[in-house]
Amino acid sequence: MIFKKKPEPVSDEAESNEAENPFIEAAQALVEMESNGELPEGFDLETAVQDRAFAALLQEFEPKAAVRIYAAERRADDAENSVKTRMSERARSRGALPKSQRTDRAVAPAPDYMAMSKEAFSALEQQYRNAAHNGKRIHI
């Protein structure tokens, strides 16, 4: 961890260091937040302090707010990336489904034998017999 020391009483040397490095006060607040367990769950302080976006947030907001905003932005980025990954996997899996060989033909409806009249059934039966007699394949 980069910030391990507890803040010391402010002296003239410390005031000159603050003028040189504006992040000293923020670093002390971050160390205090970490020691008190106030950092959000899964928040990696070491990674955050190396990110320029976090440094910009520390300049613009108080340390507590900067930590919460940074953590929320990271979660949003992670969620967006996971959604993109899931959607690309879904698109890949849909592309892997087998395709119909004949998409231009409609499926013929199956005749409802129970609803047919006796005459219609006899005519259909005769068509099947004629087709079988001529050597055609019959699908019932």
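Is Asp-51 buried, partly exposed or exposed? In this predicted model, Asp-51 is partly exposed, with a relative accessible area of 25%, and the contacts around this residue offer a way into the helical arrangement of the chain, which is described below from the overall fold to single residues.

**Overall fold and confidence**

The protein chain contains 6 helices and 0 strands, and reading along the sequence gives the pattern α-α-α-α-α-α. Of its 140 residues, 14% count as buried, while the accessible surface comes to about 11800 Å², with 51% of that area belonging to carbon and sulfur atoms. Among the contacts with a sequence separation of 6 or more, 47% are made by residues 24 or more positions apart.

Confidence varies along the chain: the mean pLDDT is 78, and 78% of the residues reach 70 or more. Helix H1 (residues 12-20) has the lowest mean pLDDT among the elements, at 53, whereas helix H6 (residues 118-133) has the highest, at 90. Where pLDDT is low, the predicted coordinates should not be read in detail.

**Helix H5 and the nonpolar core**

Helix H5 has 33 residues and reaches 48 Å from its first C-alpha to its last, which is close to the 48 Å expected at 1.5 Å a residue. The buried residues of H5 are Pro-63, Ala-66, Val-67, Tyr-70 and Ala-71, and what covers them includes helix H2 (24-36), H3 and H4.

Two of these buried residues, Val-67 and Tyr-70, also appear in the largest nonpolar core, which has 14 residues and in which Leu-30, Leu-39, Phe-43, Phe-54, Leu-58, Val-67 and Tyr-70 touch the most other members. The elements that give two or more residues to this core are H2, H3, H4 and H5, and H5 gives the most, with 4 residues.

Tyr-70 shows how a residue of H5 meets other parts of the chain: leaving aside its neighbours within four places in sequence, Tyr-70 is in contact with Phe-43, Thr-47, Ala-48, Asp-51, Phe-54 and Leu-57. Phe-43 and Phe-54 are themselves among the core members that touch the most others, and Asp-51, also in contact with Tyr-70, takes part in a salt bridge with Arg-74.

Lys-64 also lies in helix H5. Its C-alpha is 7.9 Å from that of Leu-30, although the two residues are 34 residues apart in sequence, and with neighbours within four places left aside, Lys-64 is in contact with Met-33 and Glu-38.

**Salt bridges**

The count of salt bridges comes to 4, and three of them are set out here.

| Salt bridge | Closest N to O distance |
|---|---|
| Asp-51 with Arg-74 | 3.6 Å |
| Arg-74 with Asp-77 | 3.0 Å |
| Glu-80 with Lys-84 | 3.4 Å |

In the Asp-51 and Arg-74 pair, the closest N and O atoms are 3.6 Å apart. Asp-51 lies in the loop between helix H3 (45-49) and helix H4 (52-60), while Arg-74 lies in helix H5 (residues 63-95), so the pair ties together parts that are 23 residues apart in sequence. Arg-74, like its partner, is partly exposed, with a relative accessible area of 29%.

Arg-74 also meets Asp-77 in a salt bridge, and here both residues belong to helix H5, 3 residues apart and separated by about one helical turn. Asp-77 counts as partly exposed at 31% relative accessibility. Through these pairings, Asp-51, Arg-74 and Asp-77 are linked in a network of salt bridges.

Further along helix H5, Glu-80 and Lys-84 are 4 residues apart and likewise separated by about one helical turn; Glu-80 counts as partly exposed, at 42% relative accessibility. Why does such a spacing suit a pairing of side chains within one helix? An α-helix has 3.6 residues a turn, so residues three or four places apart point the same way.

**The last helix**

Helix H6 has 16 residues and reaches 22 Å from its first C-alpha to its last, close to the 22 Å expected at 1.5 Å a residue. Just after H6, Gly-135 takes a positive phi of about 90°.

Notes
Residues are numbered from 1 along each chain as its sequence is written. This is a predicted model: local features need pLDDT of at least 70, side-chain atom pairs count only at pLDDT 80 or more; totals for chains, interfaces and linings use all residues. Side-chain values use heavy atoms; hydrogens and water are left out. Buried means under 20% relative accessible area, exposed over 50%, partly exposed in between (1.4 Å probe, protein chains only). Contact means heavy atoms within 4.5 Å. Accessible areas come from the Shrake-Rupley method with a 1.4 Å probe; for residues, only the protein chains shown count as cover. A salt bridge is a side-chain nitrogen of Lys or Arg within 4 Å of a carboxyl oxygen of Asp or Glu. The expected span of a helix is 1.5 Å times one less than its number of residues. pLDDT is the predictor's confidence in each residue, from 0 to 100. A nonpolar core is a set of buried Ala, Val, Leu, Ile, Met, Phe, Trp, Tyr and Cys residues joined through side-chain atoms within 4.5 Å.
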